[in-house]
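Colleague: I should be grateful for a close look at a single part of this model. Please choose one helix, describe its surroundings, and then follow the connections outward.

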Amino acid sequence: MSISISNLSKKYDDQTVLNNISLEIGEGEVVGFLGPNGAGKTTTMKIITGALSYNTGSVKVCGMEVSENTLKTNALVGYLPEQNPLYQDMYVKEYLNFVADTHGIKKEKEQLVNNLIEKVGLTPEFHKKIRQLSKGYKQRVGLAQALIPNPKVLILDEPTTGLDPNQLEEIRNLIRELGKDRTVMLSTHIMQEIKAICNRVLIINKGEIVADYPDISQISHFDENNLQFEVEFLNETELSGIENISSVSGTGHKTFSILATKDIRAEIFDFAVKTNNKILTMKTVERSMEEVFRSLTK
(Lines give C-alpha, C1' and ligand atoms only; values in the text may rest on other atoms or scores of the structure.)
Protein backbone atom coordinates (compact mmCIF):
# COMPACT_ATOMS: atom_id res chain seq x y z
CA MET A 1 0.00 0.00 0.00
CA SER A 2 1.19 3.53 -0.76
CA ILE A 3 -0.53 4.85 2.39
CA SER A 4 -1.49 2.69 5.36
CA ILE A 5 -2.99 4.23 8.51
CA SER A 6 -3.99 2.12 11.47
CA ASN A 7 -5.69 3.28 14.71
CA LEU A 8 -4.34 6.81 14.31
CA SER A 9 -5.18 9.38 16.98
CA LYS A 10 -4.07 12.97 17.34
CA LYS A 11 -4.80 15.38 20.18
CA TYR A 12 -4.08 19.03 20.83
CA ASP A 13 -4.14 19.33 24.62
CA ASP A 14 -7.59 17.98 25.55
CA GLN A 15 -9.04 18.26 22.04
CA THR A 16 -9.17 15.06 19.99
CA VAL A 17 -8.63 15.92 16.33
CA LEU A 18 -8.33 12.38 14.99
CA ASN A 19 -10.00 9.51 16.81
CA ASN A 20 -8.56 6.08 16.05
CA ILE A 21 -8.88 6.27 12.26
CA SER A 22 -7.72 3.55 9.85
CA LEU A 23 -7.48 3.61 6.07
CA GLU A 24 -5.42 2.22 3.21
CA ILE A 25 -4.76 3.76 -0.19
CA GLY A 26 -3.21 1.67 -2.91
CA GLU A 27 -0.81 2.54 -5.67
CA GLY A 28 -2.40 4.45 -8.53
CA GLU A 29 -5.56 5.49 -6.67
CA VAL A 30 -6.86 9.06 -6.89
CA VAL A 31 -8.74 9.55 -3.63
CA GLY A 32 -11.00 12.44 -2.72
CA PHE A 33 -10.78 13.26 0.99
CA LEU A 34 -13.96 15.05 2.07
CA GLY A 35 -15.10 16.55 5.33
CA PRO A 36 -16.39 19.78 6.86
CA ASN A 37 -14.02 22.40 8.23
CA GLY A 38 -12.33 21.10 11.35
CA ALA A 39 -13.05 17.44 10.56
CA GLY A 40 -9.37 16.46 10.52
CA LYS A 41 -8.52 16.46 6.81
CA THR A 42 -5.51 18.77 6.91
CA THR A 43 -4.22 17.18 10.11
CA THR A 44 -4.32 13.74 8.50
CA MET A 45 -2.53 15.00 5.41
CA LYS A 46 0.18 16.76 7.41
CA ILE A 47 0.78 13.60 9.43
CA ILE A 48 1.23 11.60 6.23
CA THR A 49 3.80 14.12 5.01
CA GLY A 50 5.68 13.95 8.32
CA ALA A 51 4.97 17.59 9.13
CA LEU A 52 2.95 16.66 12.25
CA SER A 53 3.55 14.07 14.94
CA TYR A 54 0.80 11.78 16.18
CA ASN A 55 -0.11 10.40 19.59
CA THR A 56 -0.98 6.79 18.90
CA GLY A 57 -1.32 4.45 15.93
CA SER A 58 0.66 3.70 12.82
CA VAL A 59 1.18 5.73 9.64
CA LYS A 60 3.11 4.10 6.83
CA VAL A 61 4.13 5.43 3.43
CA CYS A 62 5.22 2.73 0.98
CA GLY A 63 5.62 0.32 3.89
CA MET A 64 7.74 2.59 6.10
CA GLU A 65 6.57 4.02 9.42
CA VAL A 66 6.59 7.81 9.03
CA SER A 67 7.62 8.55 12.62
CA GLU A 68 10.67 6.30 12.31
CA ASN A 69 11.72 7.09 8.73
CA THR A 70 10.71 10.72 8.23
CA LEU A 71 13.54 11.64 5.85
CA LYS A 72 12.94 8.57 3.68
CA THR A 73 9.17 8.99 3.56
CA ASN A 74 9.50 12.73 2.89
CA ALA A 75 11.37 11.83 -0.28
CA LEU A 76 8.39 9.73 -1.40
CA VAL A 77 5.70 12.36 -0.74
CA GLY A 78 4.92 15.52 -2.69
CA TYR A 79 2.77 18.04 -0.82
CA LEU A 80 0.78 21.05 -1.93
CA PRO A 81 -0.70 22.72 1.19
CA GLU A 82 -3.90 24.75 1.15
CA GLN A 83 -2.01 28.00 1.62
CA ASN A 84 0.59 27.62 -1.12
CA PRO A 85 3.82 29.02 0.46
CA LEU A 86 5.87 30.43 -2.40
CA TYR A 87 8.76 32.87 -2.43
CA GLN A 88 7.02 35.70 -4.26
CA ASP A 89 10.18 37.58 -5.32
CA MET A 90 11.81 34.58 -6.92
CA TYR A 91 11.48 33.83 -10.62
CA VAL A 92 9.59 30.62 -11.39
CA LYS A 93 12.61 28.71 -12.64
CA GLU A 94 14.81 30.13 -9.89
CA TYR A 95 12.34 28.91 -7.25
CA LEU A 96 12.08 25.41 -8.71
CA ASN A 97 15.87 25.15 -8.87
CA PHE A 98 15.98 26.21 -5.22
CA VAL A 99 13.47 23.50 -4.26
CA ALA A 100 15.50 20.92 -6.18
CA ASP A 101 18.58 22.00 -4.21
CA THR A 102 16.73 21.48 -0.92
CA HIS A 103 16.02 17.91 -2.03
CA GLY A 104 19.70 17.40 -2.79
CA ILE A 105 19.05 16.98 -6.50
CA LYS A 106 22.15 17.85 -8.51
CA LYS A 107 22.36 15.41 -11.39
CA GLU A 108 20.23 16.51 -14.33
CA LYS A 109 18.55 19.19 -12.20
CA GLU A 110 18.24 21.59 -15.11
CA GLN A 111 16.53 18.97 -17.25
CA LEU A 112 14.19 17.98 -14.40
CA VAL A 113 13.09 21.58 -13.80
CA ASN A 114 12.58 22.23 -17.51
CA ASN A 115 10.52 19.06 -17.87
CA LEU A 116 8.31 20.00 -14.93
CA ILE A 117 7.79 23.52 -16.26
CA GLU A 118 6.50 21.98 -19.47
CA LYS A 119 4.50 19.23 -17.73
CA VAL A 120 2.48 21.60 -15.53
CA GLY A 121 2.00 24.19 -18.26
CA LEU A 122 4.29 26.93 -16.94
CA THR A 123 6.22 27.47 -20.16
CA PRO A 124 4.50 30.81 -21.06
CA GLU A 125 5.18 32.23 -17.56
CA PHE A 126 8.43 30.69 -16.33
CA HIS A 127 10.41 33.89 -16.96
CA LYS A 128 8.24 35.89 -14.51
CA LYS A 129 8.53 36.44 -10.80
CA ILE A 130 6.03 34.38 -8.83
CA ARG A 131 4.23 37.47 -7.49
CA GLN A 132 3.42 38.44 -11.10
CA LEU A 133 1.54 35.20 -11.73
CA SER A 134 -2.20 34.61 -11.60
CA LYS A 135 -3.67 32.34 -8.92
CA GLY A 136 -3.90 29.48 -11.42
CA TYR A 137 -0.25 29.72 -12.42
CA LYS A 138 0.82 29.97 -8.79
CA GLN A 139 -0.99 26.68 -8.18
CA ARG A 140 0.96 25.22 -11.10
CA VAL A 141 4.20 26.34 -9.46
CA GLY A 142 3.05 24.65 -6.24
CA LEU A 143 2.33 21.43 -8.12
CA ALA A 144 5.70 21.60 -9.86
CA GLN A 145 7.56 21.95 -6.55
CA ALA A 146 5.58 19.00 -5.11
CA LEU A 147 6.65 16.88 -8.09
CA ILE A 148 10.36 17.70 -7.96
CA PRO A 149 11.35 14.62 -5.89
CA ASN A 150 9.28 12.46 -8.30
CA PRO A 151 7.05 11.34 -5.41
CA LYS A 152 5.12 8.10 -5.34
CA VAL A 153 2.46 9.82 -3.23
CA LEU A 154 1.00 13.25 -3.98
CA ILE A 155 -0.94 15.07 -1.24
CA LEU A 156 -3.04 18.04 -2.44
CA ASP A 157 -4.91 20.15 0.12
CA GLU A 158 -7.56 22.32 -1.55
CA PRO A 159 -5.56 22.66 -4.80
CA THR A 160 -8.26 24.53 -6.72
CA THR A 161 -9.35 27.11 -4.14
CA GLY A 162 -9.92 30.53 -5.72
CA LEU A 163 -9.53 29.46 -9.34
CA ASP A 164 -11.81 30.64 -12.13
CA PRO A 165 -13.68 28.06 -14.29
CA ASN A 166 -10.98 27.97 -16.97
CA GLN A 167 -8.22 27.55 -14.40
CA LEU A 168 -10.27 24.86 -12.64
CA GLU A 169 -10.51 22.77 -15.78
CA GLU A 170 -6.79 23.13 -16.49
CA ILE A 171 -5.79 22.06 -12.97
CA ARG A 172 -8.29 19.18 -13.03
CA ASN A 173 -6.80 17.86 -16.24
CA LEU A 174 -3.31 18.20 -14.80
CA ILE A 175 -4.19 16.29 -11.61
CA ARG A 176 -5.89 13.53 -13.63
CA GLU A 177 -2.73 13.21 -15.70
CA LEU A 178 -0.53 13.11 -12.59
CA GLY A 179 -2.74 10.40 -11.09
CA LYS A 180 -1.92 7.97 -13.88
CA ASP A 181 1.47 7.05 -12.43
CA ARG A 182 1.27 7.87 -8.73
CA THR A 183 -1.07 7.82 -5.72
CA VAL A 184 -2.99 11.07 -5.22
CA MET A 185 -4.88 12.14 -2.10
CA LEU A 186 -6.97 15.23 -2.76
CA SER A 187 -8.83 17.36 -0.23
CA THR A 188 -11.54 19.73 -1.44
CA HIS A 189 -14.96 21.19 -0.59
CA ILE A 190 -15.95 21.29 -4.27
CA MET A 191 -17.99 18.19 -5.07
CA GLN A 192 -17.52 18.65 -8.80
CA GLU A 193 -13.79 18.23 -8.25
CA ILE A 194 -14.33 14.81 -6.75
CA LYS A 195 -16.57 13.72 -9.63
CA ALA A 196 -14.15 15.05 -12.24
CA ILE A 197 -10.88 13.77 -10.79
CA CYS A 198 -11.23 10.95 -8.26
CA ASN A 199 -12.02 7.25 -8.47
CA ARG A 200 -12.53 6.79 -4.72
CA VAL A 201 -13.99 8.91 -1.92
CA LEU A 202 -13.21 8.99 1.81
CA ILE A 203 -15.36 11.11 4.14
CA ILE A 204 -14.17 12.22 7.56
CA ASN A 205 -16.29 13.91 10.22
CA LYS A 206 -15.33 14.95 13.76
CA GLY A 207 -12.04 13.10 13.50
CA GLU A 208 -13.52 9.79 12.35
CA ILE A 209 -13.83 8.12 8.94
CA VAL A 210 -17.58 7.90 8.35
CA ALA A 211 -17.62 6.57 4.77
CA ASP A 212 -15.35 4.93 2.22
CA TYR A 213 -16.61 4.57 -1.34
CA PRO A 214 -14.06 2.44 -3.27
CA ASP A 215 -15.99 3.20 -6.47
CA ILE A 216 -17.09 6.81 -6.79
CA SER A 217 -20.24 5.74 -8.64
CA GLN A 218 -21.47 4.17 -5.38
CA ILE A 219 -21.80 7.54 -3.71
CA SER A 220 -24.94 8.40 -5.67
CA HIS A 221 -26.89 5.55 -4.04
CA PHE A 222 -28.48 5.54 -0.64
CA ASP A 223 -26.76 3.41 1.92
CA GLU A 224 -28.43 0.19 3.02
CA ASN A 225 -30.10 1.87 6.00
CA ASN A 226 -31.55 4.80 4.05
CA LEU A 227 -33.10 3.66 0.76
CA GLN A 228 -35.58 5.69 -1.26
CA PHE A 229 -38.02 4.41 -3.87
CA GLU A 230 -40.61 5.95 -6.15
CA VAL A 231 -43.55 3.71 -7.03
CA GLU A 232 -46.50 4.30 -9.34
CA PHE A 233 -49.53 1.99 -9.16
CA LEU A 234 -52.29 1.61 -11.75
CA ASN A 235 -55.06 2.23 -9.24
CA GLU A 236 -55.35 4.33 -6.12
CA THR A 237 -54.23 2.56 -2.96
CA GLU A 238 -53.11 3.06 0.62
CA LEU A 239 -49.73 1.56 1.44
CA SER A 240 -50.02 -0.52 4.59
CA GLY A 241 -48.62 -3.68 6.09
CA ILE A 242 -45.12 -3.25 4.61
CA GLU A 243 -42.38 -3.42 7.21
CA ASN A 244 -39.16 -1.36 7.31
CA ILE A 245 -40.77 1.78 5.85
CA SER A 246 -39.60 4.98 7.54
CA SER A 247 -41.92 7.40 5.75
CA VAL A 248 -44.29 7.62 2.79
CA SER A 249 -45.46 10.61 0.82
CA GLY A 250 -48.12 10.08 -1.82
CA THR A 251 -49.32 12.02 -4.86
CA GLY A 252 -52.89 11.21 -5.86
CA HIS A 253 -52.63 7.93 -3.94
CA LYS A 254 -51.15 6.30 -7.04
CA THR A 255 -47.57 7.57 -6.89
CA PHE A 256 -45.55 7.26 -3.70
CA SER A 257 -42.13 8.30 -2.49
CA ILE A 258 -40.97 5.76 0.09
CA LEU A 259 -38.08 5.96 2.50
CA ALA A 260 -37.08 2.57 3.93
CA THR A 261 -34.43 1.00 6.13
CA LYS A 262 -33.82 -1.90 3.71
CA ASP A 263 -34.51 -2.92 0.13
CA ILE A 264 -38.28 -3.49 0.11
CA ARG A 265 -38.91 -3.86 -3.63
CA ALA A 266 -40.00 -7.51 -3.24
CA GLU A 267 -42.40 -6.53 -0.45
CA ILE A 268 -43.88 -3.82 -2.67
CA PHE A 269 -44.50 -6.38 -5.44
CA ASP A 270 -46.11 -8.71 -2.88
CA PHE A 271 -48.33 -5.82 -1.73
CA ALA A 272 -49.41 -5.17 -5.35
CA VAL A 273 -50.35 -8.82 -5.83
CA LYS A 274 -52.19 -8.98 -2.51
CA THR A 275 -54.24 -5.85 -3.30
CA ASN A 276 -54.86 -6.87 -6.93
CA ASN A 277 -53.14 -3.73 -8.17
CA LYS A 278 -50.47 -3.27 -10.81
CA ILE A 279 -47.13 -1.49 -10.58
CA LEU A 280 -46.56 0.81 -13.55
CA THR A 281 -43.11 2.04 -12.50
CA MET A 282 -40.74 1.55 -9.59
CA LYS A 283 -37.26 2.99 -9.28
CA THR A 284 -34.56 3.54 -6.72
CA VAL A 285 -33.91 7.25 -6.23
CA GLU A 286 -30.31 8.37 -6.40
CA ARG A 287 -29.09 11.30 -4.37
CA SER A 288 -26.46 13.89 -5.15
CA MET A 289 -22.99 13.84 -3.69
CA GLU A 290 -23.92 16.98 -1.75
CA GLU A 291 -26.84 15.14 -0.10
CA VAL A 292 -24.60 12.21 0.80
CA PHE A 293 -22.04 14.58 2.29
CA ARG A 294 -24.64 16.45 4.35
CA SER A 295 -26.24 13.26 5.68
CA LEU A 296 -22.88 11.87 6.80
CA THR A 297 -21.49 15.04 8.35
CA LYS A 298 -24.45 16.48 10.28
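Modeller: Seven of the nine residues of α1 are buried, so this helix is largely enclosed by the rest of the structure. Buried here means under 20% relative accessible area, with exposed over 50% and partly exposed in between (1.4 Å probe, protein chains only). Helices (H or I, at least four residues) and strands (E, at least two) are DSSP runs numbered from the N terminus. The model is predicted: local features need pLDDT of at least 70 and side-chain atom pairs count only at pLDDT 80 or more, whereas totals for chains, interfaces and linings use all residues. Residues are numbered from 1 along each chain as its sequence is written, and side-chain values use heavy atoms, leaving out hydrogens and water.

The buried set of α1 consists of K41, T43, T44, M45, I47, I48 and T49. Just beyond the helix, G50 adopts a positive phi of about 90°.

The helix also borders the second largest pocket, contributing three residues, the most to its lining. A pocket is an open set of points on a 1 Å grid over the protein atoms alone, where a 1.4 Å probe fits, with protein on both sides within 12 Å along at least five of seven lines; lining residues have an atom within 4 Å of a point. This pocket has a volume of about 160 Å³, the space filled by probe spheres set on points joined across faces, edges and corners. K41, T42 and T43 are among its lining residues, together with N37, G38, A39, G40, E82, D157, E158, S187 and H189. By class, one of the lining residues is nonpolar, seven are polar and four are charged. Ala, Val, Leu, Ile, Met, Phe, Trp, Tyr, Cys and Pro count as nonpolar, Asp, Glu, Lys and Arg as charged, and the others, Gly among them, as polar.

The sheet beneath the helix comes next. Four strands form an open antiparallel sheet in the order β2-β1-β4-β5; two strands pair if DSSP finds at least two bridges between them. β2 (15-25) and β5 (64-65) occupy the edges with a single partner strand each, so one side of each has no neighbour in the sheet. Strand β1 (residues 3-12) is joined to β4 (residues 56-61) by five antiparallel bridges. Within this pair, S9 lies opposite T56 in β4, and I3 faces V61 in β4. Helix α1 (residues 41-49) packs on this sheet, touching β1, β2 and β4, and its direction makes about 120° with that of β1. A contact requires heavy atoms within 4.5 Å; axes are lines fitted to C-alpha atoms, for helices over the stretch in contact, and angles run from 0 to 180 degrees between N-to-C directions.

V61 also has M64 as its bridge partner in β5, where β4 and β5 pair antiparallel over two bridges. The hairpin of β4 and β5 has two residues between the strands, and C62 takes a positive phi near 50° there.

A further sheet is also present. Six strands make up an open sheet of mixed pairing, ordered β6-β7-β8-β3-β9-β10. β6 and β10 (208-213) are its edge strands, each pairing on one side only. From one strand to the next the twist averages 15°. Strand β3 (residues 30-34) and β9 are parallel, sharing four bridges, and F33 has L202 as its bridge partner in β9. Helix α9 (residues 289-296) packs on this sheet against β3, β9 and β10, at about 150° to the direction of β10.

Strand β9 (residues 200-205) includes N205, which counts as buried at 10% relative accessibility. Leaving aside residues up to four places away in sequence, N205 touches P36, A39, V210, L296, T297 and K298. Of these, A39 leads back to the starting point, being one of the residues that line the second largest pocket, to whose lining α1 gives the most.
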